[in-house]
Amino acid sequence: MSTSEIASILDNSKELDRLRKEQEEVLSDINKIHKKLQTNPEVVEKPGDASLSKLKLLYTQAKDLSETEVRVSNILLAQLDALLPPGPPGQQRRRLEGNEPKKKQKKNDSDISRVTPSMRNQVDNLASLKGEQVAARVTTEESEKDEYIVVKVIHYDRETREFEVLDEEPGDDEEGGGGQRKYKLPASHIIPFPKRNDPTTALDFPLGRAVLAVYPGTTALYKATVVNPNRKRKTDDYLLEFDDDESEDGSMPKRTVPFYNVVTLPEGHRQ
């Protein structure tokens, strides 16, 4: 278990806390309009009154926040699942004393029934990433820097809890002369991208937040900083400044990146 993995869990926990606080604010605004309509329902008939349109917008925000909370919760579950040892909590392996023979243990129906619905859903969510492009950390804990690349999920092994992924466009300096390269990675090294056809999965980042983003025109992932936090719609592009992207005059050019190419930068990222 590495410090960066724990930091990533804490970072996602903070994001979950932020989402819940924002949900409370939205629900408070919804309740205010409900109270207004209960005491004075005919107000909606007045010219220029926007109570119902505001209420619809708040309902939409509440739905988006709830769905994003579920997505972040699933990521946290996957991270924790990757760090926890297999088997029921607190169960220790029995030591074999003397010449006691090892007995083969067969899985029966009662063993399988111990898998809870929440655990089954969690595994299903991870397995559902098959065929999807995700951000993946391909460097080991001993590496001086973390390298994230865009890969395609080939398979999720439910027994080992590992992803098999494919780097479809490795650079010229990769081993094998630029051929495709496969990796086996734990779930803690995988960050799902927001879905292109589901903008509710896009996260809202505050001004100055560090993120990982696909550099425009490439399939490479780089650290960047958010410079336009006030996106009007979930489908709006992010405006980012990429690290080490200085122009000839020394300025930092601003790049537009689609919401489905931006993910949270894990805490403890080694640049």
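Here are some exercises with worked solutions on a predicted model of a single chain.

**Exercise 1. Get your bearings: how many helices and strands are there in the chain, and in what order do the elements run?**

Step 1. Count the elements. You should end up with four helices and ten strands.

Step 2. Walk from the N terminus. The elements run α-α-α-α-β-β-β-β-β-β-β-β-β-β, so the helices come before the strands.

Step 3. Check burial. The chain has 271 residues, and 35% of them count as buried.

Step 4. Look at contacts with a separation of 6 or more. Residues 24 or more positions apart account for 55% of these.

**Exercise 2. Work out the open sheet: in what order do its five strands lie, and which are the edge strands?**

Step 1. Trace the sheet from one side to the other. The order is 4-3-2-1-5, and the pairing is antiparallel.

Step 2. Find the strands that pair on one side only. These are strand 4, residues 181-186, and strand 5, residues 190-192.

Step 3. Look at the twist. Ignoring direction, neighbouring strands here are turned by 45 degrees against each other on average.

Step 4. Zoom in on one pair. Strand 3 covers residues 162-167 and is joined to strand 4 by six bridges, with the two running antiparallel. Within this pairing, Leu-166 sits opposite Lys-182 of strand 4.

**Exercise 3. Stay with Lys-182: which side chain does Lys-182 meet in a salt bridge, and is each partner buried, partly exposed or exposed?**

Step 1. Find the partner. Lys-182 meets the side chain of Glu-164, at 4.0 Å from N to O.

Step 2. Place the two residues. Glu-164 belongs to strand 3 and Lys-182 to strand 4, 18 residues apart, so this pair links distant parts of the chain.

Step 3. Sort them by accessibility. Exposed means over 50%. Lys-182 has 53% relative accessibility, so Lys-182 counts as exposed. Glu-164 has 22%, so Glu-164 is partly exposed.

**Exercise 4. Compare two more salt bridges: what are the N to O distances for Arg-233 with Asp-236 and for Asp-245 with Arg-255?**

Step 1. Read off the distances. Arg-233 and Asp-236 meet at 3.2 Å, while Asp-245 and Arg-255 meet at 3.0 Å.

Step 2. Locate the second pair. Asp-245 is in the loop between strand 8 (238-242) and strand 9 (255-257), and Arg-255 is in strand 9. The two are ten residues apart, and the pair links distant parts of the chain.

Step 3. Check the acids, remembering that buried means under 20%. Asp-236 is at 18%, so Asp-236 counts as buried. Asp-245 is at 12%, so Asp-245 is buried too.

Step 4. Check the arginines. Arg-233 is exposed at 55%, whereas Arg-255 is partly exposed at 27%.

Step 5. Put these in context. The whole structure has ten salt bridges. Elsewhere, Glu-15, Arg-18 and Glu-22 are linked in a salt-bridge network.

**Exercise 5. Look around Thr-201: which backbone atoms does the side chain of Thr-201 reach?**

Step 1. Find the residue. Thr-201 is in the loop between strand 5 and strand 6 (210-214).

Step 2. Is Thr-201 buried or exposed? The value is 9% relative accessibility, so Thr-201 counts as buried.

Step 3. Follow the side chain. It reaches the backbone nitrogen of Lys-195 at 3.0 Å and the backbone oxygen of Asp-198 at 2.7 Å.

Step 4. List the contacts beyond four places in sequence. Thr-201 touches Arg-71, Pro-194 and Lys-195.

**Exercise 6. Finish in helix 1: what does helix 1 supply to the largest nonpolar core, and what does Glu-5 contact?**

Step 1. Outline the core. It has 27 residues, and those with the most contacts inside it are Phe-205, Val-211, Tyr-238, Leu-240 and Val-262.

Step 2. Trace the suppliers. At least two residues each come from helix 1 (3-39), helix 2 (51-83), strand 6, strand 7 (221-226) and strand 8. The largest share is from helix 1, with seven residues.

Step 3. Turn to Glu-5, which is found in helix 1. With a relative accessible area of 11%, Glu-5 is buried.

Step 4. Name the contacts. Beyond four places in sequence, Glu-5 is in contact with Leu-83, Glu-141, Ser-188 and His-189. Glu-5 and His-189 are 184 residues apart in sequence, yet 8.4 Å apart in space from C-alpha to C-alpha.

Notes: Residues numbered from 1 in each chain as written. Predicted model: local features only at pLDDT ≥ 70, side-chain atom pairs only at ≥ 80, totals over all residues. Heavy atoms only, no water. Pairing = 2+ DSSP bridges. Axes fitted to C-alpha atoms, helices over the stretch in contact; angles between N-to-C directions. Buried < 20%, exposed > 50% of the residue type's maximum accessible area, 1.4 Å probe, protein only. Polar contact = N/O pair within 3.5 Å; in protein donor to acceptor, adjacent residues only side chain to side chain. Contact = heavy atoms within 4.5 Å. Core = buried A, V, L, I, M, F, W, Y, C linked by side-chain atoms within 4.5 Å.
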